[in-house]
Amino acid sequence: MLIPVTPVQAEDAEIAALFAEAGVQGTLVLARLDGQAVILHNAARAEQRLPVASTFKIFNTLIALEEGAISGIDEVMPWDGRPHPYPDWNQDQTLNSAFAVSCVWCYQRLAERIGAERYRVHLAQADYGRLDEPFVTTEFWLDGSLTISAQEQVRFLRQVIERRLPYRPETYAGMRAIMLAEEGRDYRLFAKTGWAARATPQIGWYIGYVETADATWIFVLNMDIRDESELPLRQALSRASLQAKGIIAE
């Protein structure tokens with residue numbers, strides 16, 4: 001059973017100012033896992049479904065592990081020698097490294113093993129965004145067939161953190177291990193970027209959660225990308241917002 005995110009009408013002035021200073025259009029949702037607080041910038045956009053891009057690698061990893069498409073996060077996927085645009089992709093990969101470098105061919109290979117029908121089952125089970133039919137099994141998270149809103153991303157991440165999807169403990173443990181992006185003195189940050197480069201305008205994502213001594217906070221940011229040079233703003237705005245709200249230290 002899904003727990004809805006508490007509706008928020010008020011715009012957060014501090015976060016709005018950060019977006020304005022950066023000169024970008026986007027949205028950010030910060031939600032405490034226990035449901036006691038939701039902080040929001042751009043409520044209307046937070047409800048808008050946009051191409052999921054590589055943020056789907058969170059769910060795709062869970063599916064691949066649960067379906068046995070790969071034995072674990074350290075199994076080696078051999079590179080076939082075909083060159084790819086990013087040098088980090090042009091080598092053998094594990095699930096751990098593939099997630100870190102957002103390796104497209106790795107997840108396409110796993111998608112072939114999983115198959116369209118199993119994807120339909122998992123997506124419906126999690127009530128995850130919208131999948132347009134028909135779809136290409138190795139392209140649907142890349143070509144805009146699968147869309148999701150920021151608020152839906154929050155609801156999905158809540159299910160993952162609370163382990164409410166019917167997956168094995170080792171599936172969740174593997175996902176958690178490879179999703180850890182940063183560890184500070186008093187927090188741990190788990191996250192994934194996304195870049196819908198085929199969309200118009202292009203969309204950048206940064207989604208995940210932060211564990212502190214006091215609480216766990218889910219964060220979901222998406223923004224219009226006018227130029228590749230703006231991609232680092234996904235993480236920068238998320239971090240600045242977490243700091244502005246006192247969730248992590250500056």
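**Lining of the largest pocket and the β6–β7 hairpin**

In the predicted model, the lining of the largest pocket draws at least two residues from each of three secondary-structure elements, namely α4 (95-101), α5 (104-114) and β7 (187-196). Of the contributing elements, β7 gives the most, supplying five residues to this lining. The pocket itself encloses about 640 Å³ of space, and 26 residues line it, among which Ser54, Tyr86, Trp89, Ser102 and Trp195 lie nearest its centre. When the lining is divided by residue class, 14 of its members are nonpolar, whereas seven are charged and five are polar.

The strand that gives the most to the lining, β7, is also paired with β6, which spans residues 180-183; the two strands run antiparallel and are joined by three bridges. Within this pairing, Leu180 has Phe190 of β7 as its bridge partner. Three residues separate β6 from β7, and together the two strands form a hairpin.

With regard to recorded annotation, an unreviewed UniProt entry assigns residues 46-238 to the feature "domain: Penicillin-binding protein transpeptidase". Across residues 46-238 of the predicted model, helix accounts for 37% of the chain and strand for 22%, while the C-alpha atoms at the two ends of this segment are 15 Å apart.

How values were computed:
Residues are numbered from 1 along each chain as its sequence is written. This is a predicted model: local features need pLDDT of at least 70, side-chain atom pairs count only at pLDDT 80 or more; totals for chains, interfaces and linings use all residues. Side-chain values use heavy atoms; hydrogens and water are left out. On a 1 Å grid over the protein atoms alone, a cavity is a set of points where a 1.4 Å probe fits but cannot get out, and a pocket is an open set with protein on both sides within 12 Å along at least five of seven lines; lining residues have an atom within 4 Å of a point. Grid points are joined across faces, edges and corners, and a volume is the space filled by probe spheres set on the points. Helices (H or I, at least four residues) and strands (E, at least two) are DSSP runs, numbered from the N terminus. Ala, Val, Leu, Ile, Met, Phe, Trp, Tyr, Cys and Pro count as nonpolar, Asp, Glu, Lys and Arg as charged, and the others, Gly among them, as polar. Two strands pair if DSSP finds at least two bridges between them. UniProt positions are given in the numbering used here, feature names are shortened, and annotations may be inferred rather than shown by experiment.
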